[in-house]
Amino acid sequence: MASLLYQTIEGLSREKGIDPQIVVNAVEDAIVVATRKYYKSQENLRAELDKESGAIKAFAVKTVVETPEQIEDPNLQITLEDAKKVDPAVEAGGEVRFYKPTEVLGRIAAQLAKQVIFQKVREAERDTVYNEYIGRVGEIVTATVKRTEGPDVIFEVGKTEARMPRKEQSRLESFAVGERLKAVITRVEKGSKGPQVVVSRAAPELVQHLFQTEVPEIYDGTVVIRAIAREAGERTKIAVMSKDKDVDSVGACVGMKGMRVQSIIRELRGEKIDIIEWHDDAVTFAEKALQPAKVSRVSVIDAGEKHLEVIVDDSQLSLAIGKKGQNVRLAAKLLGWKIDIKSEEEKRQEVEQQMQALVGSSNTPLDKVEGLGEGLLEKLTEAGVTTVEALADMTPEQLEAIPGIGPKTVEKISLAVNNYFSSLEAGEVSAESAEEATGEIATEEPAPEAEAAPLGEPEADTAEVAEAEATGQALEADALKGVENAPPADEAEVHAAERSPQPDAPLPESTAQAGESQEESEPEK
């Protein structure tokens, strides 16, 4: 039958959840410490507990050597001859025990032994707690609020205490002593005061566990939770995917009239939850992840760096970004991509700036501007202004901030820059005018030789003459008669007239009349 002391040790072990042998070793170590303190000895002391009688024996152990020359430390070694006197059966290399009386140990030694026992038991208890919970990180446990210590809340989890720091608490929650709730074991810390189990109500694993509890399709694996992004107390986005084409993943999580998701929202004290269908295509997934905002278009900027650009309507920009950037931040966490959101107007301005940069990317040196002296050019160059375009973009205040430049110099610079750009515009206008004139000249065609005066005048028709006389057009009738009765021109005379024209000489009256009649007769034909 075990002694009363050993029975007490077993009861303590069961209460603390530790091995009884650990407590026995603690008692033996305590006796060794007390004995050493009492005898003030440097010997190798040991202690032994008899489970049946409950007696504790303390003794010094020495190693047996053959000759006195081999002894290095008398407190730890003994010769074979001296060892035979204590134990005749001992041999060289063995050990000999020298028992120390423990009845003489006083109150101080007993108090010291008590402290050693308590210390050993606490260390064993800490190791047991650490080994138990280090493998349960990420597990959901039911905890009871025990007390609050400043911003931290202390929970009772099983036989140990767990701590919930302020950052692991939801903004919407407040805790009352004795309240039971679910929490996630996030980590186990080894501190000087023992291991500390840290639990959280802000971890995404809590939402995942609640969905597994409330949604049977998730529990049996038909619907899979692919990603969760959470800001505790504000909003959670969860992406789900169905393995069965006949099962709606989003509908299964929402439940009939929203009963399933409403139960989870109540557990989270009113936290908003967005349930999104998972897509392998990042562009399509980004459009759904930014809900409730409507996305105009999504483009991949860098697939390697996982960078997206999202364009939304101007009225949807604030909704897409969310309160303090919450919506886009959660969407980026859910996708694992970097997201840049721009409105249509911002994108248009960006494109215009890029086009202007491409068109007007010329850099004209300052020496092209007339009217700027060498000293002024040196001052501008020292200030970092090296191009005419940069100088034109500067305000008068910026120019006056340059050492050595005053208001009059600023006016001089402004006048010189204006004259430079005016000369450029004038040159462009003159160049355009020259190009237009060149184009007009090139498009004109020389008059064909076929339009030259005919070798012979056409003969007037007798019917035309009679008609003119009948209508009272006497002058025209005379002209027509003259043309009709005119003799045909000689071909040689025509060639002679072409070689020696006389522009100043008046035309013969008959020729002039013939010309007029020809012009009047041609339209009639």
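I began with Glu 161 in this predicted model. Its relative accessible area is 32%, and I recorded the residue as partly exposed.

I then looked for the charged partner of Glu 161. The side chain of Lys 146 meets that of Glu 161 in a salt bridge, with an N to O distance of 2.6 Å. Lys 146 belongs to strand β5 (residues 140–149) and Glu 161 to strand β7 (residues 160–164), so the contact ties together parts that are 15 residues apart in sequence. Lys 146 is likewise entered as partly exposed, at 37% relative accessibility. I noted further that a network of salt bridges links Lys 146, Arg 147, Glu 149 and Glu 161.

Next I examined Glu 267 and Arg 201, whose side chains form a salt bridge at 3.3 Å, N to O. This pair links distant parts of the chain, 66 residues apart: Glu 267 is in helix α8 (residues 259–267), and Arg 201 is in the loop between β9 (194–200) and α5 (204–214). Which of the two classes, buried or exposed, suits Arg 201? I entered Arg 201 as buried, because its relative accessible area of 1% is under the 20% cut-off. Glu 267 is partly exposed, at 26%.

I turned last to helix α12 (residues 344–359), where Glu 352 and Arg 348 are four residues apart and therefore separated by about one helical turn. The closest N and O atoms of their salt bridge are 2.5 Å apart. Glu 352 is partly exposed at 37% relative accessible area, and Arg 348 is partly exposed at 38%.

For the record, my search of the whole structure gave 28 salt bridges.

Terms used: Residues numbered from 1 in each chain as written. Predicted model: local features only at pLDDT ≥ 70, side-chain atom pairs only at ≥ 80, totals over all residues. Heavy atoms only, no water. Salt bridge = Lys/Arg side-chain N within 4 Å of Asp/Glu carboxyl O. Helix = DSSP H or I, 4+ residues; strand = E, 2+ residues; numbered from the N terminus. Buried < 20%, exposed > 50% of the residue type's maximum accessible area, 1.4 Å probe, protein only.
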